[in-house]
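Hi everyone, thanks for making the time. I'd like to walk you through a structure that's probably new to most of you, so let's get it up on the screen.

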Amino acid sequence: MGIITVATTPPPDLHDLDDDGDDALRRHAEADESSRASRHWWDRNADEYQDEHGEFLGDDRFTWCPEGLDEADARLLGEVAGRTVLEIGAGAAQCSRWLLHRGARPVAMDISYRQLQHSRRIDLARGTPPVPVVQADAAVLPFADGSFDLACSAYGAVPFSADTAGLMREVHRVLRPGGRWVFSVTHPIRWAFPDEPGVEGLTAVASYFDRTPYVEQDEQGRATYVEHHRTLGDRVRELVGAGFRLVDLVEPEWPEGHEQEWGGWSPLRGRLIPGTAIFVAERD
């Protein structure tokens, strides 16, 4: 199976994309602008991302977060064998590959064509059956009502969507009654702190309640990267409003012996403030 593309515009020429000189600020960003920025950013940075994080992610590991909580241990999705599973914001489909090898029938979806090419690269290198992949925007899922038993997203799509209430409704629509939806995001409290791994990242400098998106933009003011903030209460209301029942909210603790550091993630911060929130919900 090849990459099924459900995009409104063709994948950009990766060689024409350049984010040198981008400014970082907090400003409003509409849904179309956010979606376009995410697709371009991930196409442009997919190679570097996989080079940097590929060893940690593995080829067929289902890890929910930088803390290293694996689905093999957490079992937040429940039984997966024989179940149809939609992975949203799948990247190179590492989680879907793990699911496939445990008897599930996954579909890995991502907005980035280049990320899905990495999925195909991994499958070809391993000589294993390819993970079915679809390129599409999570805000408009190209699937019929009730197509899946389970849906999951490990740090994919949700933080980059301007309309996550709409995204939750879309996930609800494509799940069958009783279907489970599990997704992980940066813990909302982190938005109050600088994204620094050292002691400078331990002092709150912004309002937790400021929902203004974080935007990187080029010299023409066009967004090249957008990330949206919601409080814990916002997320719960989005889920309930879409027709889900919240089953659990997991805040993984930083494990002993885990000394890896990248970006704002570090043992120092991880042992003091939560870094990840995992929402476990079921469709009524």
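I'll go from the inside to the salt bridges, then the cysteines, and finish at the surface.

One thing before we start: this is a predicted model, so please keep that in mind as we go.

Okay, the inside. The largest nonpolar core here has 27 residues. If you want to find the residues with the most contacts inside that core, look for L86, M109, F143, V171 and W181. And where do they come from along the chain? Quite a list of elements each give at least two residues to this core: strands β3 (84-88), β4 (105-110), β6 (148-154), β7 (175-186) and β11, plus helices α5 (164-174) and α6 (232-242).

Let's click on L86 for a second. Skipping its neighbours within four places in sequence, L86 is in contact with V107, M109, L141, F143, F148, L150, A151, C152 and V174. There's also a second core, separate from that one, with 18 residues, and L76, L77, C95 and L99 are among them.

Now, salt bridges. How many salt bridges does the structure hold? The count is 21, and I'll show you three.

Start with D47 and R114, where the closest N and O atoms are 2.9 Å apart. D47 sits in helix α1 (residues 31-57) and R114 in helix α4 (residues 113-126), so this pair ties together parts that are 67 residues apart in sequence. Both ends are partly exposed: D47 has a relative accessible area of 31%, and R114 comes in at 24%.

Next up, D59 and R126, with their closest N and O atoms 3.9 Å apart. Again, distant parts of the chain get linked: D59 is in the loop between α1 and α2 (71-74), R126 is in helix α4, and they're 67 residues apart. D59 is partly exposed at 34% relative accessibility, and R126 is partly exposed too, at 32%.

The third one is E238 with R230, at 3.5 Å from N to O. Are these two buried or exposed? E238 counts as buried at 10% relative accessibility, and R230 counts as buried at 16%. While we're on networks, D59, D60 and R126 are joined into one by salt bridges that share partners.

Stay on R230 a moment. You'll find R230 in the loop between β9 (223-227) and α6. Leaving out residues up to four places away in sequence, R230 touches S161, A162, T164, P188, R235 and E238.

On to the cysteines. How many disulfides does the structure hold? The answer is 0. So why doesn't C65 form one? The closest cysteine sulfur to that of C65 is in C95, 11 Å away, and that's too far for a bond. For C152 the closest cysteine sulfur is also in C95, at 6.3 Å, which is again too far. Both are tucked inside, by the way: C65 is buried with a relative accessible area of 3%, and C152 is buried at 1%.

Last stop, the surface. V199, L268 and L272 form a nonpolar patch there, with about 300 Å² of accessible area together. L272 is in the loop between α7 (267-270) and β11 (276-283), and L272 counts as exposed, with a relative accessible area of 58%.

That's my tour, so over to you for questions.

Notes. Residues are numbered from 1 along each chain as its sequence is written. This is a predicted model: local features need pLDDT of at least 70, side-chain atom pairs count only at pLDDT 80 or more; totals for chains, interfaces and linings use all residues. Side-chain values use heavy atoms; hydrogens and water are left out. A disulfide is a pair of cysteine sulfur atoms within 2.5 Å. Buried means under 20% relative accessible area, exposed over 50%, partly exposed in between (1.4 Å probe, protein chains only). Patches are made of residues with over 30% relative accessible area and no salt bridge: like charges are joined within 9 Å, nonpolar side chains (Val, Leu, Ile, Met, Phe, Trp, Tyr) within 5 Å. Accessible areas come from the Shrake-Rupley method with a 1.4 Å probe; for residues, only the protein chains shown count as cover. A salt bridge is a side-chain nitrogen of Lys or Arg within 4 Å of a carboxyl oxygen of Asp or Glu. Helices (H or I, at least four residues) and strands (E, at least two) are DSSP runs, numbered from the N terminus. A nonpolar core is a set of buried Ala, Val, Leu, Ile, Met, Phe, Trp, Tyr and Cys residues joined through side-chain atoms within 4.5 Å. Contact means heavy atoms within 4.5 Å.
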